[in-house]
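Please open the model in your viewer, set it to a cartoon view, and keep the sequence panel beside it. The tour below suggests what to select at each stop and then says what is there.

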Amino acid sequence: MTTSAHLPADSAAAPEALGGDTVIDRLVAANREYAARFTDPGMDARPVLRVAVVACMDARLDLHAALGLELGDCHTIRNAGGVVTDDTIRSLTISQRALGTRSVILIHHTGCGLENLTEDFRHELEDEVGQRPAWAVEAFRDVDQDVRQSMQRVRTNPFLPHKDDVRGFVFDVHTGLLREIDPAS
């Protein structure tokens, strides 16, 4: 087994077919390799740059590389779509009030899976399992408008004391560039 958790590039097989290891087995093995070389950086939980990044969970977004960030620079909050939900507000509130962040950057992206879903997804889940999820899908058709909505949710939330530096962007998954969204458009 390699020290990387990645599957071989030419492998179309499920991870379990590669020597009986599951994906999680590979991740745990990769962690053992990491821990063997790990040195405690002695950092505080407070982000050095005092910024929180809210972004989509899409695997194509390497936020630290795309934003030139290093370990300890920011708090990263990710979810499907990068939308500002109650749980995102919870994390931002803790980030600002307990851990000193002052800026918020919101990052959505092109080709997001939420653009292809509707709230019918919840109804289908309810039909399948007999219980409707308590959460909204937060699907959208216009990524720019959804970024504006997320910026508005941050800027109007009474629990967040620092709203002067809140900016929203769309990351292009084909070019790697950020496009800033004007909140007033």
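Helices, in the sense used on this tour, are DSSP runs of H or I with at least four residues, and they are numbered from the N terminus. With that in mind, select Asp146, which lies in helix α5. Please remember throughout that this is a predicted model.

**The whole chain**

Before going further into that helix, colour the chain by secondary structure, which comes to five helices and five strands. If you follow the cartoon from the N terminus, the elements run in the order α-β-α-β-α-β-α-α-β-β. Of the 185 residues of the chain, 34% count as buried. Among the contacts between residues at least 6 apart in sequence, 59% join residues that are at least 24 apart.

**The sheet**

Now select the five strands together, and you will see an open sheet in the order β2-β1-β3-β4-β5, with mixed pairing. Strands β2 (74-79) and β5 stand at the edges and have a single partner strand each, so one side of each is left without a neighbour in the sheet. On average, and with direction ignored, neighbouring strands of this sheet are turned by 25° against each other.

Next, keep β3 and β4 in view: these two strands run parallel and are joined by seven bridges. To look at one residue pair here, select Ile107, whose bridge partner in β4 is Phe169.

Then add the helices that lie against the sheet. Helix α3 packs on the sheet and touches β1 (51-56), β2 and β3, while its direction makes about 175° with that of β2. Helix α5 also packs on the sheet, where it touches β3, β4 and β5, and its direction makes about 160° with that of β4.

**Helix α5**

Select residues 143-155 to return to α5. Does the span of this helix agree with its number of residues, or disagree? At 1.5 Å a residue, the 13 residues of α5 should span 18 Å, and the end C-alpha atoms are 18 Å apart, which agrees.

At the N-terminal end of α5, show the side chain of Asp142, which caps the helix with a side-chain oxygen 3.0 Å from the backbone nitrogen of Asp144. Then pick out the buried residues of α5, which are Val143, Asp144, Asp146, Val147, Arg148, Ser150, Met151 and Val154. As you look at their spacing, recall that an α-helix has 3.6 residues a turn, so residues three or four places apart point the same way. What covers the buried residues of α5 includes α3 (86-97), β3 (103-109), β4 (165-171) and β5 (178-181).

Is Asp146 buried or exposed? Its relative accessibility is 5%, and since buried means under 20%, Asp146 counts as buried. If you leave aside its neighbours within four places in sequence, Asp146 is in contact with Val83, His108 and Phe140. You can also draw a distance from Asp146 to Val84, because although these residues are 62 apart along the chain, their C-alpha atoms are separated by 9.5 Å.**His75 in strand β2**

Move to His75, whose place is in strand β2. With a relative accessible area of 18%, His75 is buried. Show the side chains of His75 and Ser95 together, and you will find that a polar contact of 2.7 Å joins them. Apart from neighbours within four places in sequence, the residues in contact with His75 are Ala45, Pro47, Val51, Ala52, Val53, Ser95, Leu99 and Thr101.

**The cysteines**

Select the cysteines next. How many disulfides does the structure hold? The structure holds zero disulfides. A disulfide is a covalent bond between the sulfur atoms of two cysteines. For Cys56, the closest cysteine sulfur is that of Cys112, and at 4.2 Å it is too far for a bond. Cys56 is buried, with a relative accessible area of 4%, and Cys74 is buried as well, with a value of 13%.

**Two loop residues**

Finish in the loops, beginning with Arg50, which sits in the loop between α1 (23-37) and β1. The phi angle of Arg50 is near 55°, a positive value in a residue other than glycine. At 40% relative accessibility, Arg50 counts as partly exposed.

The last selection is Glu138, in the loop between α4 (120-129) and α5. Here too phi is positive in a residue other than glycine, with a value near 65°. Glu138 is buried, with a relative accessible area of 17%.

Terms used. Residues numbered from 1 in each chain as written. Predicted model: local features only at pLDDT ≥ 70, side-chain atom pairs only at ≥ 80, totals over all residues. Heavy atoms only, no water. Expected span 1.5 Å × (residues − 1). Buried < 20%, exposed > 50% of the residue type's maximum accessible area, 1.4 Å probe, protein only. Contact = heavy atoms within 4.5 Å. Polar contact = N/O pair within 3.5 Å; in protein donor to acceptor, adjacent residues only side chain to side chain. Pairing = 2+ DSSP bridges. Axes fitted to C-alpha atoms, helices over the stretch in contact; angles between N-to-C directions. Disulfide = S-S within 2.5 Å.
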